[in-house]
Structures are given as C-alpha cells and as structure tokens.
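Please open the model in your viewer and keep the sequence panel beside it, since each stop of this tour begins with something to select.

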Amino acid sequence: MVKIISESLIPVLILVIPFYGLVKSINIYEVFIDGAKEGLSVILKIFPALLAMLVAIGVFRASGSLDLIEKLLKPIINIIGFPQELVPLALIRPLSGSGSLGIATELINSHGSDSMIGKMASVMYGSTETTFYVLAVYYGSVGIKKMRHSILAGIIADIAAILASVFYSKLFF
Amino acid sequence: MINYIWFFMIAIGIIVGILNGKLDEISKAIIDSAQAAVTISIGLVGVMSLWLGIMKIAEKSGLTNIVAKVLKPIIIRIFPDIPKDSPAISAIIMNISANMLGLGNAATPFGIKAMEYLQEINKKDSPSNSMVRFLIINTASIQLIPAVMIGVRASMGAKNPADFVIVSVFSSGTALIIGLIANKYLENLSYFKER
C-alpha cells in the first residue's frame, strides 16, 4: 500500500494538478512557465548555503572529528538504535533549514539516495521544520518577547520527529 | 546560532586535523566540497523548476482551499479558545494548507497574519496558549509535497524520489501529536502559566 502510493505520487500530481487547473479555467501552461521560472532563483538562494555547509562538513569529516563525535556518542545512540551517521543532521535540523538541507544532501550523495541512511535523512529532513526560524519569524512579527514553554515544546516535537523518522524508516524500508 | 555552529565545525575540524596530521586531506575536502555544491545545485535546477511550475498551478487554481475545507473541523478543535468566526482561524487554516502542499513562500504571510490576529486577542509580550500551539503545528509541519527533498533525491538518481513522503508524513504526524500532548502538559505548569 505504502509502496503503491509512493510510486504513483509524482505522476498523479503531475496529472491531477494541471487537470484541476483546467477545470478552474486557469491558463495552466502560462502559469506553469511562470512558476518554473522561479526555479533558478530558488537554486541561487540555496546554493551559497549549500556551499557553506558542504565545506564545513567536508572539513569536519576529513579531519576525523565526525568519527570522534560518533565514538563519544556511540554508547547512547546504540541503545536507542540511532544511526551515528545521522547525528549531525539531527543536531542541526531545528537550527538551520539550509544547513540541514546541506547535510541531508551530503548524506544522500555519499551514501546513495536508495540506501537506508539516504532514505532516513530524507525522512528526517522532510518531517520537521526549522523550529528556531519559525519561532523567530512568527514571534518577532508581533513583538512577542517572552517564550514561556514554546522552545521546550518545540524541541520535544523535534526530538519526537527525529526518533520517529528512524523508527518508521526501519519499519517501512 | 548558526554562526557558531558553522565556525566551530570548521575550527574543530582544522584543529583535530592538525592533531591527526590530516591537513592534506582537509585541503582536498574543501576543494571537493565546493565543487560538489555546484554539481548538486545545477542538478537540482530541472526538478526544482518542474515542481515550482506544477505547484504554481496548484496555487492559482485554489487547491489550497480544498485542503482548507478538510482541515477546518480539526483546527477548530485544536484551538478551542479562538472564537470560531475569528479571522485568525482562517489564516491558520490557510497557513497549514499551504505548508502541507509545500508552498512555503505562500505559507509564511498567512502565518504572520494569523499571529497578528492572535496577538490582537492576546495583547501581551508573552505568547498565548493558542500561539504556542500554532507554533508547534508549524514546527512539526506535515508536508504532503516536500518539493525540495524530492528534487534533491531525483537529482541524485533515486529510483523513486518520492518514496520517503508517506513515511515522513507518518513521522511528522507522530511528532505533532507528541508535541501537542507535551504542550498541553507544559502550558498548565505554574512556571509556564499564561499571565
């Protein structure tokens, strides 16, 4: 079931969305071209952040620091069955959207898109938002200065998402 | 925050590299990573543009409204203390619908609008319970079409670039439920109480 839905998702969306547009008498071709034009500017926005993060991870990994951290955390993450390769992604996901995209991309690139680590990284990236960014933008826009339990509750949700991505990935892939 | 993380990743990397005698490997990693950033970005352009085109059609034809209709009864339940006819409810619904469809750029203005309406009710410099709840829904972010990640996977030769979507919906759904339960408990603690 999960497999069928997953496999048909892209073709179905590419069929259903333009069809719905036609029904609503939208100039779908024109609108499509207009939207696709934004592709380059999105990439231009992602590129510098990706570059910054990939270089930092590159240095960190090549120096052996990543192995060191993994060794240090090993006893804890082994108990809950958390793959050590995903530790940096889990740590940075709530803090930086572009940074975590960089890390996830690097993981998918070096382990392969269809590897377990690659899939887990995709799930982890896709299942949570950049909590601190959301917090800053939304509270900042209305002048909220005290946080109450916002950060704690947000982090609990993040930890749940990170553990759940590993759990469900093992279950379904 | 990201300033420190970025700096320390590089700084610790170079110091540990010196201790490990791996400076040559680090130099190579810097050049290779910069190169990889270009390859990855260029590889993303095609899929990304395709998705943005399709999603523009979704946006213009009002597909968000359909999702909004489905969400409305759930949202009213999650926010019992907002009056049902308040514009805050519809702003929250539009924000969540846009987020679910992966229309991040369209979602943020609705989110800010929702916060403004909630602040009109709240009138303090600490967030109301509804505001925190809205925040948690946003951070757990259930995404039906995570376009960027589909694009990344497609550009790296995934057999089925969207195969992670359902699993990721499950895990963000779980996170949302756990987040809301934790929130329910936390918001009543005297230390965090609304005042």
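Begin by selecting residues 129-140 and 165-186 of chain B, which are helix 6 and helix 8 of that chain; in this predicted model their axes come within 9 Å and cross at roughly 160 degrees. Helix 6 of chain B and helix 8 of chain B are therefore roughly antiparallel to each other, and their crossing is right-handed. To see where they touch, display the side chains of V132(B), R133(B), I136(B), I137(B) and A140(B) on helix 6 of chain B, and those of S172(B), A175(B), L176(B), G179(B), L180(B) and N183(B) on helix 8 of chain B. Coloured by class, the residues of this contact between helix 6 and helix 8 of chain B comprise seven nonpolar, three polar and one charged.

Staying in chain B, select residues 104-122, which form helix 5 of chain B, and centre the view on Y117(B) within that helix. Is Y117(B) buried, exposed or partly exposed? Y117(B) has 19 C-beta neighbours inside 10 Å and therefore counts as partly exposed, given that 20 or more would be needed for a residue to be buried. Once neighbours within four places in sequence are left aside, the residues in contact with Y117(B) are S86(B), P87(B), A88(B) and A91(B). For a sense of scale, draw a distance between the C-alpha atoms of Y117(B) and I78(B), which are 39 residues apart along the chain and separated by 16 Å.

Now select chain A as a whole, where eight helices and zero strands are found, and where the C-alpha trace spans about 60 × 45 × 30 Å along its principal axes. Of the 173 residues in chain A, 47% count as buried. Among the contacts in chain A with a separation of 6 or more, 63% are accounted for by residues 24 or more positions apart.

With both chains shown, select the residues of chain A that touch chain B: 91 residues of chain A are in contact with 88 residues of chain B. Several helices of chain A each supply at least two residues to this side, including helix 1 (2-23), helix 2 (28-62) and helix 8 (150-172). Which helix of chain A gives the largest share of the side that touches chain B? That share, 26 residues, comes from helix 2 of chain A. Taken by class, the side of chain A that touches chain B has 54 nonpolar, 25 polar and 12 charged residues.

The last stop is helix 5 of chain A, whose 15 residues reach 21 Å from the first C-alpha to the last, close to the 21 Å expected at 1.5 Å a residue. Helix 5 of chain A is mostly covered, with 11 of its 15 residues buried, among them G97(A), L101(A), I103(A) and E106(A). Just beyond helix 5 of chain A comes G112(A), whose phi is positive, near 95 degrees.

Add helix 6 of chain A to the selection: helix 5 and helix 6 of chain A pack at an angle of about 160 degrees, with their axes 8 Å apart. That makes helix 5 of chain A roughly antiparallel to helix 6 of chain A, and the crossing of these two helices is left-handed. Here S100(A), L101(A), A104(A), L107(A), I108(A) and H111(A) of helix 5 of chain A meet I117(A), G118(A), A121(A), S122(A) and Y125(A) of helix 6 of chain A. The residues of this contact between helix 5 and helix 6 of chain A divide into seven nonpolar, four polar and no charged.

Key
Residues numbered from 1 in each chain as written. Chains lettered and ligands numbered in written order. Predicted model: local features only at pLDDT ≥ 70, side-chain atom pairs only at ≥ 80, totals over all residues. Axes fitted to C-alpha atoms, helices over the stretch in contact; angles between N-to-C directions. Helix = DSSP H or I, 4+ residues; strand = E, 2+ residues; numbered from the N terminus. Parallel < 35°, antiparallel > 145°, perpendicular 65-115°, else oblique. Left-handed = near helix turned anticlockwise from the far one by under 90°. Contact = placed C-beta atoms within 7 Å. Nonpolar A, V, L, I, M, F, W, Y, C, P; charged D, E, K, R; others polar. Buried ≥ 20, exposed ≤ 12 C-beta atoms within 10 Å, placed from the backbone. Expected span 1.5 Å × (residues − 1).
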